[in-house]
Amino acid sequence: MHRFAFMIHPLDAGYITRKFSFARHLPPALLEWVMRYLPPLKVSRITGVRSSHAETEGWFVACPLTSRQMVNLPESFVIQRIIKTGRLAESLGAEILGLGAMTSVVGDAGITVARNLNIAVTTGNSYTVATAIEATEKAAAMMGIELPEAEVVVVGATGSIGAVCAKILARRCRKLTLVARNEDKLVRLAGEIKEMTGVKARITRSIQEALRRADVIITVTAAVDTVIEPEYLKPGAVVCDVARPRDVSRRVAELRDDVLVIDGGVVEVPGDVNFNFNFGYPPGLAYACMAETMILALEGRIENFTLGRDLTVDQIDTINRLAAKHGFRVAGFRSFELPVPEAKVEAIRERARRKLALAR
């Protein structure tokens with residue numbers, strides 16, 4: 001049996017106060033200062049991951065830095081903390097380590113971490129892309145949106161996940177808009193997409209401008225705070241939020257009952273998995289980045305699978321094939337951790353239809 005570990009971290013100081021009641025009395029700034037000096041933690045043991053071909057087990061290990069700290073503290077300090085947490089995974093017996101949330105984004109997206117560990121490392125981004133695309137296509141179909149004719153937007157398009165999402169979507173749609181902060185990178189990506197698919201993608205640095213006309217949105221920035229607000233979206237839009245921390249404000253769920261927001265990259269894990277840790281989903285469900293690490297352990301591919309910022313379509317196809325082999329599959333739609341049944345999707349679609357009809 002090959003064993004794995006997956007690295008998590010508190011998205012904000014509130015995660016610490018929910019786990020340790022005494023911390024509720026500390027100001028967030030002081031709490032974050034204390035966290036800089038905490039050692040990495042073994043959070044839980046993961047058991048029961050079993051396919052018809054193999055089984056595996058592993059651990060959650062935690063790097064005790066918040067998302068804001070990972071962005072604002074010196075990069076070298078953050079990477080050293082991630083490496084130290086990786087060494088804890090090594091000492092537990094893991095053979096492959098998955099990097100979760102911001103630990104997969106800092107610096108060179110896992111390359112330096114892998115060079116400083118004696119075990120394989122993956123960011124999980126390949127399977128994250130595969131599941132995000134699949135879930136988005138299903139959601140669009142249920143909302144009556146035909147992808148080839150839809151206005152499709154990728155927010156955070158120049159990141160590793162966003163770029164390959166854009167390249168795959170360009171094979172399936174004709175009206176594509178790329179959004180990111182760096183215009184030079186946007187121009188280069190648009191050129192690559194034009195050369196690969198013939199699609200001439202629009203580019204913009206303005207999220208609001210892009211989303212005004214968007215039918216389908218995949219959002220995957222590395223922002224610490226939310227970037228998509230309810231007033232940006234048109235009725236009937238489908239938004240797949242792949243980012244952690246989230247890109248979509250909770251205000252969207254509260255104020256817009258005419259748009260469909262789905263969590264990207266949520267999958268069912270084969271076997272009778274027990275994570276021994278509550279990260280917001282029901283038993284048996286995991287983020288795709290976690291699942292990629294499990295898939296590679298089950299397959300015995302103890303290798304640096306997804307590292308750096310250049311993902312390939314071949315990587316996506318490979319992990320998709322291995323996921324199917326071992327019985328991983330995209331879970332039903334969820335939004336802000338809650339299930340979205342078909343009846344709710346139909347109600348959203350009907351409300352959007354009425355709003356659009358009134359607007360005409």
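**Close-up views of a predicted model**

**View 1. Strand β1 pairs with strand β4.** Four residues of sequence, 96–99, make up β4, and 4 bridges join this strand to β1. The two strands run parallel. One pair to look for is Phe-4, whose bridge partner in β4 is Ile-96. The model shown here is predicted.

**View 2. Strand β1 also pairs with strand β3.** β3 covers residues 55–62. Here 6 bridges join it to β1, and these strands run parallel too. Met-7 stands opposite Val-61 of β3. Is β1 buried or exposed? Of its 6 residues (3–8), 5 are buried, so the rest of the structure largely encloses this strand.

**View 3. The largest nonpolar core has 83 residues.** Tyr-127, Leu-176, Leu-178 and Phe-328 have the most contacts inside it. Helix α11, residues 288–299, gives the most to this core: 9 residues. Another core, of 24 residues, lies apart from it. Val-61, Leu-65, Leu-97 and Val-106 are among its members. In soluble globular proteins, nonpolar side chains tend to be buried together.

**View 4. Tyr-127 and its contacts.** Neighbours within four places in sequence are left aside here. Tyr-127 then touches residues including Ala-288, Ala-291, Glu-292 and Ile-295. Its contacts also include Ile-319, Asn-320, Ala-323, Phe-328 and Arg-329.

**View 5. A nonpolar patch lies on the surface.** Which residues form this patch? They are Leu-30, Trp-33, Val-34, Tyr-37 and Leu-38. Together they have about 480 Å² of accessible area. Leu-30 sits in helix α2, residues 28–35. With a relative accessible area of 38%, Leu-30 is partly exposed, because that value falls between the 20% and 50% cut-offs.

Conventions:
Residues are numbered from 1 along each chain as its sequence is written. This is a predicted model: local features need pLDDT of at least 70, side-chain atom pairs count only at pLDDT 80 or more; totals for chains, interfaces and linings use all residues. Side-chain values use heavy atoms; hydrogens and water are left out. Buried means under 20% relative accessible area, exposed over 50%, partly exposed in between (1.4 Å probe, protein chains only). Two strands pair if DSSP finds at least two bridges between them. A nonpolar core is a set of buried Ala, Val, Leu, Ile, Met, Phe, Trp, Tyr and Cys residues joined through side-chain atoms within 4.5 Å. Contact means heavy atoms within 4.5 Å. Patches are made of residues with over 30% relative accessible area and no salt bridge: like charges are joined within 9 Å, nonpolar side chains (Val, Leu, Ile, Met, Phe, Trp, Tyr) within 5 Å. Accessible areas come from the Shrake-Rupley method with a 1.4 Å probe; for residues, only the protein chains shown count as cover. A salt bridge is a side-chain nitrogen of Lys or Arg within 4 Å of a carboxyl oxygen of Asp or Glu.
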